[in-house]
Amino acid sequence: MTSIALEAVVSTQSTGGGEAKETTVGQYIAYSLPECDQGDPEIRDMVLESAGTFYNDGFLVEGPVVENETQLESEGWSRELVQEHLRIWKKSLPTKDGGLTLYKIFGEFDQISAVEFYNAQVNDQYRSEWDGSVSSLYVVDNITNNREIVYWATKFPFPLKDRDYVFERTHAMTKNQISISSRSITHRAQPVFSSYVRVYKYGSNLVMWSRGGDLYEKGMSYCLTYYDDFGMPIPSQLKDKLANAKIPEFLEKVRDAAEFLGNTGKLYVPYPEHPSRKR
């Protein structure tokens with residue numbers, strides 16, 4: 001998921017970009033569907049069921065998804081790591097809390113397709129098998145065909161306390177690309193557990209596309225942008241060292257999982273489905 005889980009203490013943190021604003025799901029419906037009938041029983045029930053649900057911060061991960069060095073550097077990004085099929089960029093932002101870090105990863109895989117890579121991110125049941133850092137991962141609530149609330153608990157190395165997340169995940173497919181966006185959210189169905197430290201600032205945006213034009217063909221590229229403030233002070237140098245070591249390792253595991261799912265032939269297609277693939 002583009003909620004990127006790392007097996008050790010991989011840090012990144014939230015980019016503020018303005019005052020936080022609580023937005024209830026009811027407000028989201030009203031803003032996003034201005035012509036919907038607010039008196040409709042189904043809509044009314046949806047709003048009532050989501051009472052007590054709101055975003056934890058006012059930030060949505062955006063920015064360039066094409067690796068243009070001039071543009072990235074002009075926007076404050078610095079390149080941290082270069083490998084054969086992966087580049088990591090970092091951007092530090094000042095905040096009232098002392099500073100946040102945003103990471104952007106550009107990469108390519110020749111052995112898998114964009115659809116397979118996507119499936120490795122959203123097949124929560126299978127991820128619980130191949131990702132050893134996952135303690136629990138499941139969908140709490142389906143909002144629409146391509147938007148759901150997800151609960152994710154992840155292991156941290158001793159003596160650190162394990163972390164858990166509740167986030168909204170949105171995924172979509174066009175003719176040319178697939179995207180997954182995640183954003184931390186407070187949901188009344190997932191109270192805070194004493195055995196975990198709840199992460200309130202988390203967000204990611206993963207964009208995938210085929211180098212040959214067909215999302216089902218082998219050979220894909222991606223851009224992952226994310227922040228992850230899991231509530232503990234970590235020196236910048238240590239944070240960067242961990243990220244540079246663990247991000248490539250994690251993405252290799254995602255590639256292996258995607259390759260396995262592709263071989264099974266059981267692939268979920270995000271909404272809306274590519275017209276040429278409908279049956």
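Where does His-187 lie? Let's start there, since you have the model up on the screen, and keep in mind that this is a predicted model.

So, His-187 is in the loop between β8 and β9, with β9 running over 197-198. Loop or not, His-187 counts as buried, because its relative accessibility is 8% and the cut-off for buried is under 20%. Its side chain reaches the backbone nitrogen of Ala-189, at 3.0 Å. Now look across to Phe-167: that residue is 20 positions away along the chain from His-187, and the two C-alpha atoms are 8.6 Å apart. Hang on to Phe-167, please; that name will come back.

Okay, let me zoom out for a second. What we have is a chain of 279 residues, and 48% of them are buried. The chain has six helices and eleven strands. If you take the contacts with a separation of 6 or more, 66% of them are between residues 24 or more positions apart.

Right, on to the core. The largest nonpolar core has 33 residues, and the ones with the most contacts inside it are Ile-105, Phe-117, Met-208, Met-220, Tyr-222 and Leu-251. Who contributes two or more residues? On the strand side, β3 (86-93), β4 (100-109), β8 (177-186), β10 (201-210) and β11 (220-229); on the helix side, α4 (114-122), α5 (124-130) and α6 (236-264). The top contributor is α6, which gives eight residues.

If you want one residue to click on in that core, I'd pick Met-208. Setting aside neighbours within four places in sequence, Met-208 is in contact with Ala-114, Phe-117 and Tyr-118, with the run Asn-176, Gln-177, Ile-178, Ser-179 and Ile-180, and with Leu-215, Met-220, Ser-221 and Tyr-222.

There is also a second, separate core, of eight residues. Val-134, Val-150, Trp-152 and Phe-167 are among them, so to speak of Phe-167 again, that is the residue whose C-alpha atom is 8.6 Å from that of His-187.Next up, the helices. How are α4 and α6 arranged relative to each other? They pack at an angle of about 110°, with their axes 8 Å apart. That makes α4 and α6 roughly perpendicular to each other, because the range for that label is 65 to 115 degrees. From α4, the residues at the contact are Glu-116, Phe-117, Asn-119, Ala-120 and Gln-121, and from α6 they meet Leu-251, Val-254, Ala-257, Ala-258, Leu-261 and Gly-262. By type, the contact of α4 with α6 has seven nonpolar residues, three polar and one charged.

How many residues of α4 are buried? Nine of its nine, as it turns out. That includes Glu-116, Asn-119 and Gln-121, alongside residues such as Val-115 and Tyr-118.

Now for a couple of buried charged residues. Arg-198 lies in strand β9, and Arg-198 is buried, with a relative accessible area of 11%. What does its side chain do? It makes a polar contact with the side chain of Asp-164, at 2.8 Å. A polar atom of that same Arg-198 side chain lies 3.2 Å from the backbone oxygen of Gln-190. Leaving out residues up to four places away in sequence, Arg-198 touches Tyr-151, then Asp-164, Tyr-165 and Val-166, then Gln-190, Pro-191, Val-192 and Phe-193. And Arg-163 is 35 residues away along the chain from Arg-198, with 5.8 Å between their C-alpha atoms.

The other one is Glu-148, in strand β6, residues 147-154. Glu-148 is buried, with a relative accessible area of 5%. Which side chains does Glu-148 make polar contacts with? There is Arg-169, at 2.7 Å, and there is His-171, at 3.0 Å. Beyond its neighbours within four places in sequence, Glu-148 is in contact with Val-139, Asp-141, Asn-142, Ile-143, Phe-167, Glu-168, Arg-169 and His-171. Yes, Phe-167 is in that list too.

Last stop: Val-199, in the loop between β9 and β10. Val-199 is buried, with a relative accessible area of 2%. Its C-alpha atom is 6.8 Å from that of Asp-229, and the two are 30 residues apart in sequence.

That's the tour, so to close where we opened: His-187 sits in the loop between β8 and β9 and counts as buried.

Key. Residues numbered from 1 in each chain as written. Predicted model: local features only at pLDDT ≥ 70, side-chain atom pairs only at ≥ 80, totals over all residues. Heavy atoms only, no water. Core = buried A, V, L, I, M, F, W, Y, C linked by side-chain atoms within 4.5 Å. Buried < 20%, exposed > 50% of the residue type's maximum accessible area, 1.4 Å probe, protein only. Helix = DSSP H or I, 4+ residues; strand = E, 2+ residues; numbered from the N terminus. Contact = heavy atoms within 4.5 Å. Axes fitted to C-alpha atoms, helices over the stretch in contact; angles between N-to-C directions. Parallel < 35°, antiparallel > 145°, perpendicular 65-115°, else oblique. Nonpolar A, V, L, I, M, F, W, Y, C, P; charged D, E, K, R; others polar. Polar contact = N/O pair within 3.5 Å; in protein donor to acceptor, adjacent residues only side chain to side chain.
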